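Biologist: Please take a close look at one part of this model, namely how its sulfur atoms are placed with respect to one another, and then carry on from there to the packing of the interior and to the loops. I would like one connected account, with the reasoning spelled out wherever it can be.

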Amino acid sequence: MEIKWRPIENGDEKIINSWFIGRDKKMLCMEDVSWQQTANDIGECLGLMNNSQFRNAIGYIDNQPVCVLMFGVEFSGKVLRLYNILVAPKFRNQGIAKQAIKDILSSDNKFSLNKTYDKIIFSILPENKISEKLAKSFNFKFDGFNDIYIDFSYDLNKEIIK
């Protein structure tokens, strides 16, 4: 499956908001803020760090929006952090989130990241079992608690993600 990615634009907020169902906003820590506000806040914070990068992208399959991603490089370029992934409800359970992570990590560099990082961290709420299952499917390892989140990490120096 090929996902075509582009940066999120102003008109995309309405599409993204229509995808939130059930506990999605809670699982993404967006109960009181929008996707765009969260992206702005993270982007602003990363803008204060050396060698940081931020991406906020929407993915399409057959010209239909299917997924949004928020991720960035932090810790002076050493860590790639996956902040948020949201799949459109009618495309869930089809491997889209897994493909999205593969795209982030691919050698094709679909997101024009400067590959300075050697560790990947995926922080999730303890009750977000779907994201935990996703992280474990990539062999991310439990890396401890970070405030209210559980961190799963992957050391690229030890193994290459396939």
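Modeller: In this predicted model, the count of disulfides is zero. A disulfide is a covalent bond between the sulfur atoms of two cysteines, and the cut-off used here is a pair of cysteine sulfur atoms within 2.5 Å. For C29, the closest cysteine sulfur is that of C45, and because the distance is 15 Å, the two are too far apart for a bond. Taken from the other side, C45 is likewise in no disulfide, with the sulfur of C29 as its nearest cysteine sulfur, 15 Å away. Both cysteines are partly exposed, C29 with a relative accessible area of 28% and C45 at 44% relative accessibility.

For the interior, the helix α3 is a useful place to begin. It has 12 residues and spans 16 Å from its first C-alpha to its last, close to the 16 Å expected at 1.5 Å a residue. Its buried residues are W35, T38, A39, I42 and L46, and because they fall within an arc of 100° when seen down the axis, they line one face of the helix. An α-helix has 3.6 residues a turn, so residues three or four places apart point the same way. The cover over the buried residues of α3 includes α1, β2, β3 and β4.

Helix α1 (residues 12-19) can be read in a similar manner, its buried residues being D12, E13, I16 and W19. These cover an arc of only 115° around the axis, and are therefore on the same side of α1. Among the elements that cover them are α3 (35-46), β3 (64-74) and β4 (79-87).

W35, already met on the buried face of α3, also belongs to the largest nonpolar core, which has 51 residues; together with C67, L69, L80, I85 and F140, it touches the most other members. Strand β3 gives this core its largest share, seven residues.

The aromatic rings add a further layer, with seven aromatic pairs in the structure. One of them joins F71 and F111, whose ring centres are 5.0 Å apart and whose planes meet at 85°, so the pair is edge-to-face. This pair links distant parts of the chain, since F71 is in strand β3 and F111 in the loop between α4 and β5, 40 residues apart. Both F71 and F111 are buried, and ring pairs link them with W5 into a cluster. F142 and F145 form another edge-to-face pair, at 5.6 Å centre to centre and 75° between the planes, although F145 counts as exposed at 62% relative accessibility.

The contacts of D151, in strand β7 (residues 149-155), include F142, R81, K141 and D143. D151 counts as buried because its relative accessibility is 8%, under the 20% limit.

Two loop residues deserve a final word for their backbone. Most residues other than glycine have a negative phi. S112, however, has a positive phi of about 55° without being a glycine, and D147, also not a glycine, has a phi near 60°. S112 is found in the loop between α4 (96-105) and β5 (119-124), where it is exposed with a relative accessible area of 54%. D147 lies in the loop between β6 (141-146) and β7, and at 71% relative accessibility it too counts as exposed.

Methods: Residues are numbered from 1 along each chain as its sequence is written. This is a predicted model: local features need pLDDT of at least 70, side-chain atom pairs count only at pLDDT 80 or more; totals for chains, interfaces and linings use all residues. Side-chain values use heavy atoms; hydrogens and water are left out. Helices (H or I, at least four residues) and strands (E, at least two) are DSSP runs, numbered from the N terminus. Buried means under 20% relative accessible area, exposed over 50%, partly exposed in between (1.4 Å probe, protein chains only). Contact means heavy atoms within 4.5 Å. The arc is that of the directions from the helix axis to the C-beta atoms. A nonpolar core is a set of buried Ala, Val, Leu, Ile, Met, Phe, Trp, Tyr and Cys residues joined through side-chain atoms within 4.5 Å. The expected span of a helix is 1.5 Å times one less than its number of residues. Rings of Phe, Tyr and Trp (its six-membered ring) pair if their centres lie within 6.5 Å; planes under 30 degrees apart count as stacked, over 60 as edge-to-face and the rest as tilted.
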